[in-house]
Amino acid sequence: MAFLEIQNLEVFYGKACSLHKVSLSVEKGEIIGIIGPNGAGKSTLLDSILGLTHCYGEILFDGTNLRDLSSTEIVRRGIAYAPEARNLFSYMGVKDNLLIGAYRAKRNKERNLQMVYDLFPILSKRGNQEAKTLSGGEQQMLSLGRALMSNPRMLLVDEPTIGLAPLVCKEIAQVLKNLNQENGITIVITEQNVNFALTLSEKIYLLETGTIKMKGRPDELKQETYIQETYFGS
Ligand SMILES: Nc1ncnc2c1ncn2[C@@H]1O[C@H](COP(=O)(O)OP(=O)(O)OP(=O)(O)O)[C@@H](O)[C@H]1O
Ligand SMILES: [Mg+2]
C-alpha cells in the first residue's frame, strides 16, 4: 500500500458535489502535483486529508484511516498543511506564527525554529514583524515554515506560487526540492501554475470539476494534446 492512499473520495457542500470518487496514491519520498483550474476541488482535496471536510471514501496514511481521526491527531501522525492564501495570524509576529506551528512538537521547537530560519533566512530578520506586513513571498515562506515546525513526514501545500514573482517561485521550488531530497519529506502540492508543478513533481494528477481527468509523469502529460491546448494555449 502507498504512503497516502485515497480511494473514492467524495465531498458534498450541500447538494453540490465538489469531489467525485477521487482516487490517488502517493509513495513515500515522492513529490506529487495536483493541477487544475479555479473551482476544480484542489483545496477541498487537501482539506479532506486534514479532516476538515465531511467526506465519503477512504484516506489511508501509513496504513491508518485518517477519516476516523481529528485534525489534531492527523497533524500528530506527521501531516502538515500550508493552506491556500497562507492563513497566517495577521496581527502576530513572524516568530509567534512559527511557534504556533510547533504546538505538537514543543520539545523540538528551538531546533525547528532554527531549521526554518536556515531554510528561509529572511524570516529570521523579520522575527517581530506582523505577518500582515510581510511581502507575498515572505508570507508564503512563513506559511511553509509554520507547517514545517511540526516535524512532518508529509507536507501538503496549496498553490504555493499564487501571486508570486518568477524569482520567488524558483526559491520556493528549490526549498521544496531540498526538503524532499535532504529531509525525505513527501510533498503534495496543488497548482494552477502548471509549469511549476510539472518541473517540481514526479507524478501529476489533473483535477477538473472534482474528477481526476488524467494522471502521469510530467513528460507524459506534456505530450497530451489536451494539456497543451488547455494549459499552454498551443
Ligand atoms: N465551504 C464551502 N461551501 C460551499 N462550497 C464550497 C466550499 N468550499 C468549496 N466549495 C465549492 O467546491 C468547489 C471546489 O472548490 P475548491 O476551493 O476546492 O477549488 P480549487 O480547485 O481549490 O479552486 P481555486 O484554484 O480557485 O482555489 C467549488 O465549486 C467551490 O465553490
Ligand atoms: Mg483552492
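The legends below describe close-up views of a predicted model. Local features need pLDDT of at least 70 and side-chain atom pairs count only at pLDDT 80 or more, whereas totals for chains, interfaces and linings use all residues. Residues are numbered from 1 along each chain as its sequence is written, and side-chain values use heavy atoms, with hydrogens and water left out.

**View 1. The magnesium ion (ligand 2) and its protein donors, Ser-43 and Glu-84.** Ser-43 (OG) and Glu-84 (OE) lie 2.0 to 2.4 Å from the ion, donors being N, O and S atoms within 2.8 Å of the metal (3.2 Å for Na, K and Ca), and because water is not among the atoms, sites may look incomplete. Ser-43 lies in helix α1 (residues 42-49) and Glu-84 in the loop between β6 (79-82) and α3 (94-101), so the pair ties together parts that are 41 residues apart in sequence; helices (H or I, at least four residues) and strands (E, at least two) are DSSP runs, numbered from the N terminus. Ser-43 counts as buried at 18% relative accessibility, while Glu-84, at 32%, is partly exposed (buried is under 20% relative accessible area, exposed over 50%, partly exposed in between, with a 1.4 Å probe and protein chains only).

**View 2. The salt bridge between Glu-73 and Arg-76.** Their closest N and O atoms are 3.2 Å apart, a salt bridge being a side-chain nitrogen of Lys or Arg within 4 Å of a carboxyl oxygen of Asp or Glu. Both residues lie in helix α2, three residues apart, about one turn of the helix, and a network of salt bridges links them with Arg-77.

**View 3. The salt bridge between Lys-213 and Glu-208.** The two side chains meet at 3.3 Å, N to O; Lys-213 is partly exposed at 47%, whereas Glu-208, at 12%, counts as buried.

Technical notes:
Chains are lettered from A and ligands numbered from 1 in the order in which they are written.
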